[in-house]
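Biologist: Could you take a close look at one part of this model for me? I'd like the sheet that draws on both chains, with whatever sits around it.

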Amino acid sequence: MSALTEEEQALLAKCVAKVGCEEPHQCLHIPYSEFLRSTGLTEEQGQLAWALLCRTTYPWQQHCRLATELKDDDVWISTGDLEIDKCLGGGIRLGSMVEVVGESASGKTQLCIQLAISAQLPETYGGLDGDVIYISTEGPFPVNRLESMVYPLVHRVCGEDYATSVDPADFMHRIQVAEFDSMETMFHAFDYKVPALLSTGNVRLMIVDSIAAHLRFNTSDDDAGQSPFAFYKERSESLVAMGAKFKRWANEYSCAFVFINQVTDMFTGDNGNGNGNGTPSAEFRSRPGLSLPSQGNSTESDSSAELSSSTDMGTGFAAMATRKKAPALGAVWSNIIDTRIMMYQRRGIAPSEFRLASDAQDDATNQATIEPPSHLLRTRRWIENAFSPWAPSAQCEVVLDESGFQHISHANS
Amino acid sequence: MSRSVLSLRLPAYLQTKLIQNGYHTVADFDEAPLAEDLAQFLTQSEVRSLASAAQAQPSAHSAWSIQQQALTRSYFSTQLSQLDTLLGGRGIPLGCITEVIGEAGSGQTELCLRLCLAARLPAAQGGLGVNSVYIDTVGSFSYCGAARAAHRLSALSSPLATSLLDGIHVFRVYVAHELMALLSSFDQIISHIAGVGLVVVNTVSWPFLASFASNIARRQVLHTELSHVLSQMAAKYKVAIVLVSQAKSPFGRSNLLSSSSSMDGDVWARVAANRISLQRRSDGFSIALSASTMHPTGETLVNDI
């Protein structure tokens, strides 16, 4: 951008003074007609001044990019498993704001630890050789889990030779952990500490575990008399301010931001049974027991068709909705993120809970002879790409072991 | 009866000067001998601007000429037959504003990408062969997303699909003043890029929220200003302008049509010819034409946007 002439600088200074703001770009915060009135410039001069303001605020020539030139911006942090990556469109994209949401113990933190290790891997192994920032707001950072995941995960992704050559401590050095126990300290860190860390240029991933912890309820003592409305309004404003900052940093520093979010109960007037008492009944909590149709024709394949991973869970989105749960922090937050990853699990049932609906009376005799299908006994987990601007929604059944999450191919189940 | 000085398009200080010196209507200074008198308290350029303001008459057109203009309007197909049907069988109109409302994840970005590509298709396939300007205020644009959108357009071979991408010009803005600056420079951009037929702003709500999170009054003032700027821009350059705005609150399970409202209120709806609402369903997407100056409202279901 060419330097401004003295004349131009003087004109800008005059505009700023007349309009009564502090920075030239703030002159663009008022309508053009108001700008003319405040500055007292003629139509001609006003247009010149306005054009100068636009040129200095946003020199469009420097910002115009052809879609084809943006191909190099598609850089992904792998999850360490190719099928999960495919489900997410490639993994976690640099420059994106990603939310990982699920009920408690659905594996959100585990997934983020897996990403934190994977991001550090060398490029030859599909990593980005990057540093990681981990903001922890829900209790102490799970350092033991991190340490125990390094070798198995690196072994799975890179092979025996590389895995034995690396020291888990190296992976732990490159993760900067900050723990916060309140909203104020967290936002303070977002304003000062985080940009300082990002400016090194080496950070490729920042994880906030979780964004909801201090924002869901009004826990600060000094606002004892604050009305709920004021609390939500203040929260929305904080989220928006934070979101705006992160979006810019994500692009500027080529970094991905992952936010773990909790789920909240949705209360509706009618809980689906026409009862209308407005509270979530036991109906809507995770229930391990399941009924199968009459056993006359049911073979293993029939029952698996009935209860296959895709049909009975539906999409995570729909499954959560039928269970009257939604991501916390509301619509304001949902509009700040660009990608939502949902994690859900269905706990295994004990054999004693397995019933055949039609034979409920004779269950004593039948239990001895019918073996519940294996896919009902174990805990099953799914990772779903609920929405994303760069990939269609998709889900993947996964298993969690010491190396983190891996996909399950359905031929095996 | 002569026009009052106050009704002329002049800066306020100039109007004040004229009135203070006894000139209240156009008739007072129209006569030639008074030119020297004017020169006593006005500069030459001010006298000139006075003359041009006095001569400018508010214009009026007949309803007939407006209809003729409407008949010659160009459209491009969205390449989604159900959506084209909702839009009267013709698609997105040039010279008009189309508002798209949806919650997070309802397919707004997919629709924007689809429209950019659809506009670029040749006329034989329902497009107009025009370039697009994609103003990205939230970081939604990606090459891979655009390439996927290109493959979703019906019956296109792979090399042809990706060649459509070179018609999309992307601008990333973060805050309100950047968006205002960009749009004020639009005449330069139009002449630089040439052949632009579509401008997409995804989303138009966010930059104002980001700049004025707590000041709803300021947001509304700027929204109104921008809506006028965009309205004039669409008409002047004969481009289609698609504005994505954030939906107000979760839609009910049923009626997309009746529950559709934008977080910005109806500021965009007031200048939009068409208003499209989007909602993600478990089996696809619900698209509704929730308001239009040209077509009846309607709703449809598609598998993929």
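Which residue stands opposite A:Leu66 in strand 5 of chain B?

Modeller: Sure, and keep in mind that this is a predicted model. The residue you're after is B:His169, which stands opposite A:Leu66. That pair belongs to the place where strand 1 of chain A meets strand 5 (residues 168-172) of chain B: two bridges join them, and they run antiparallel.

Now zoom out to the whole sheet. It's an open one with nine strands and mixed pairing, and the order is 1(A)-5(B)-4(B)-6(B)-7(B)-3(B)-8(B)-9(B)-10(B). Strand 1 (65-66) of chain A and strand 10 (298-302) of chain B stand at the edges with a single partner strand each, so one side of each has no neighbour in the sheet. A helix packs on this sheet too: helix 11 (residues 186-193) of chain B touches strand 4 (131-136), strand 5 and strand 6 (196-202) of chain B. The direction of helix 11 of chain B makes about 130 degrees with that of strand 6 of chain B.

Staying in chain B, have a look at a helix pair. The axes of helix 1 (residues 12-20) and helix 4 (residues 44-55) of chain B come within 12 Å and cross at roughly 90 degrees, which makes the two roughly perpendicular. On the helix 1 side of chain B, the contact uses B:Tyr13, B:Leu14, B:Lys17 and B:Leu18, while helix 4 of chain B brings B:Glu46, B:Ser49 and B:Leu50. Sorted by class, that contact has four nonpolar, one polar and two charged residues.

For some strand pairing within chain A, try strand 14 (residues 380-387), where eight of its eight residues are buried. Seven bridges join strand 14 of chain A to strand 12 (residues 339-346) of chain A, running antiparallel, and A:Asn385 is the bridge partner of A:Ile341 there. Strand 14 of chain A also has five bridges to strand 15 (residues 394-401) of chain A, again antiparallel. In that pairing A:Ile383 stands opposite A:Cys396, and a hairpin of six residues joins strand 14 of chain A to strand 15 of chain A.

One last stop, also in chain A: helix 10 (residues 183-191) has A:Met183, A:Met186, A:Phe187, A:Ala189 and A:Phe190 buried. Down the axis of helix 10 of chain A, these buried residues fall within an arc of 155 degrees, so they line one face of the helix. Their cover includes strand 5 (131-136), helix 11 (193-198), strand 7 (203-209) and helix 12 (228-252) of chain A.

Note on methods: Residues numbered from 1 in each chain as written. Chains lettered and ligands numbered in written order. Predicted model: local features only at pLDDT ≥ 70, side-chain atom pairs only at ≥ 80, totals over all residues. Heavy atoms only, no water. Buried < 20%, exposed > 50% of the residue type's maximum accessible area, 1.4 Å probe, protein only. Helix = DSSP H or I, 4+ residues; strand = E, 2+ residues; numbered from the N terminus. Arc of directions from axis to C-beta. Contact = heavy atoms within 4.5 Å. Axes fitted to C-alpha atoms, helices over the stretch in contact; angles between N-to-C directions. Parallel < 35°, antiparallel > 145°, perpendicular 65-115°, else oblique. Nonpolar A, V, L, I, M, F, W, Y, C, P; charged D, E, K, R; others polar. Pairing = 2+ DSSP bridges.
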